[in-house]
Amino acid sequence: MNITSTSDIDEYVENHTTAEDEVLRQLRRHTNLTSTMPRMLSGPMQGKLMEMLSIMIAPKFVLEIGTFTGYSAYCLAKGLQPGGKVHTIEVKDELEEPILDFFDKAGISSKVELHIGDGAQIVKDLDITFDLAFIDGDKRQYPEYYTNVFPKLRVGGYMLIDNVLWYDKVLTDPKANDPYTKGIQLMNDMVQNDPRVENVLIPIRDGLTLVRKMRD
């Protein structure tokens, strides 16, 4: 029996997914050339899924924790209602200029507001009710992100949470001591045991959980 490698499957999936647009392709290339951790980018498969979910939800306001180079913010912005806005938060201030340059190049500067600083705190200070939220920040803070984002999300709204499999460490290290794995494990359990939500863990890339808020 032939055994297909994960890389072969990923290539097949990407070849049977609508290609990213030219702006995203250029940003992905730029990120791979200039970043020390380009794997943090959402990439074509997950980016297209997020884009399509955003289009289906048609949000007025979107929250993102963890901008990185702006790839996912652009994907999420594609589904905005007229006059809608993505509020995206990035902790690394050295990324501010290239992020804003990309938003300008993509023609979405009026649709995206960049906040620089600690995501958990900034979320608490935002007086906005969001239709869709995407969590992809510091994994150690995942439980805090979930706790702080939840009351900002409208009933019937959706939350996407990235890296919930954490390179399979959530399985291989069930009693993890490292704070990154532990943060994700704690948050995964919080979501699964939260009676206010419905949730599904999608095994795309490093794991993406989709949460629907059913009640406050």
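**Close-up views of a predicted model**

**View 1. Lys-78 and its salt-bridge partner Glu-51.** Lys-78 is partly exposed, with a relative accessible area of 31% (buried is under 20%, exposed over 50% and partly exposed in between, using a 1.4 Å probe and protein chains only). This is a predicted model, in which local features need pLDDT of at least 70 and side-chain atom pairs count only at pLDDT 80 or more, while totals for chains, interfaces and linings use all residues. Residues are numbered from 1 along each chain as its sequence is written, and side-chain values use heavy atoms, leaving out hydrogens and water. The side chain of Lys-78 joins that of Glu-51 in a salt bridge, with 3.6 Å from N to O (a Lys or Arg side-chain nitrogen within 4 Å of an Asp or Glu carboxyl oxygen). Lys-78 sits in the loop between helix H4 (71-77) and strand S2 (85-90), and Glu-51 belongs to helix H3, so this pair ties together parts of the chain that are 27 residues apart in sequence. Helices (H or I, at least four residues) and strands (E, at least two) are DSSP runs, numbered from the N terminus. Glu-51 itself is buried, because its relative accessible area is 10%. Look around the pair and you can follow a network: Asp-21, Lys-48, Glu-51 and Lys-78 are joined by salt bridges that share partners.

**View 2. A salt bridge inside helix H3, between Lys-48 and Glu-51.** Here the side chains of Lys-48 and Glu-51 come together at 3.2 Å, N to O. Helix H3 covers residues 43-57, and since the two residues are three apart within this helix, about one helical turn separates them. Lys-48 and Glu-51 are both buried. If you would like to look for more such pairs, the structure holds ten salt bridges.

**View 3. Asp-136, Lys-139 and the largest pocket.** The side chains of Asp-136 and Lys-139 form a salt bridge of 2.9 Å, N to O, and both residues are buried. Both also help to line the largest pocket, where they are listed with Met-40, Gly-137 and Asp-138 as the residues nearest its centre. Its lining holds 28 residues, and its volume is about 640 Å³. Pockets and cavities come from a 1 Å grid over the protein atoms alone: in a cavity a 1.4 Å probe fits but cannot get out, a pocket is an open set of points with protein on both sides within 12 Å along at least five of seven lines, and lining residues have an atom within 4 Å of a point. Points are joined across faces, edges and corners, and a volume is the space filled by probe spheres set on them.

**View 4. The second largest pocket, with helix H2 in its lining.** This pocket has a volume of about 370 Å³. It is lined by 19 residues, with His-30, Thr-31, Thr-34, Thr-69 and Pro-98 closest to its centre. Helices H2 (22-34) and H5 (96-106) each supply at least two lining residues. H2 makes the greatest contribution, with six residues.

**View 5. A cavity lined by Met-40 and Asp-136, among others.** Searching the whole structure gives one cavity of 30 Å³ or more. The largest cavity has a volume of about 40 Å³. Its lining is made up of Met-40, Leu-41, Ser-42, Gly-66, Thr-67, Phe-68, Tyr-71, Ser-72 and Asp-136. You have met Met-40 and Asp-136 already, as two of the residues nearest the centre of the largest pocket.

**View 6. Gly-183 in helix H9.** Helix H9 spans residues 179-192 and includes Gly-183. With a relative accessibility of 4%, Gly-183 counts as buried. Leaving aside residues up to four places away in sequence, Gly-183 touches Lys-139, Arg-140, Tyr-142 and Pro-143 (contact means heavy atoms within 4.5 Å). Leu-153 lies 30 residues from Gly-183 in sequence, and their C-alpha atoms are 21 Å apart.

**View 7. Strand S7 with its partners S5 and S6.** Strand S7 runs from residue 208 to 213, and five of its six residues are buried. S7 pairs with strand S5 (residues 153-162) in the antiparallel sense, over five bridges (strands pair if DSSP finds at least two bridges between them). Strand S6 (residues 197-202) also runs antiparallel to S7, and six bridges join these two. Leu-210 of S7 is a handy residue to centre on: Leu-160 stands opposite it, and Val-200 has it as a bridge partner. In the hairpin of S6 and S7, five residues lie between the strands, and Arg-205 takes a positive phi near 50°.
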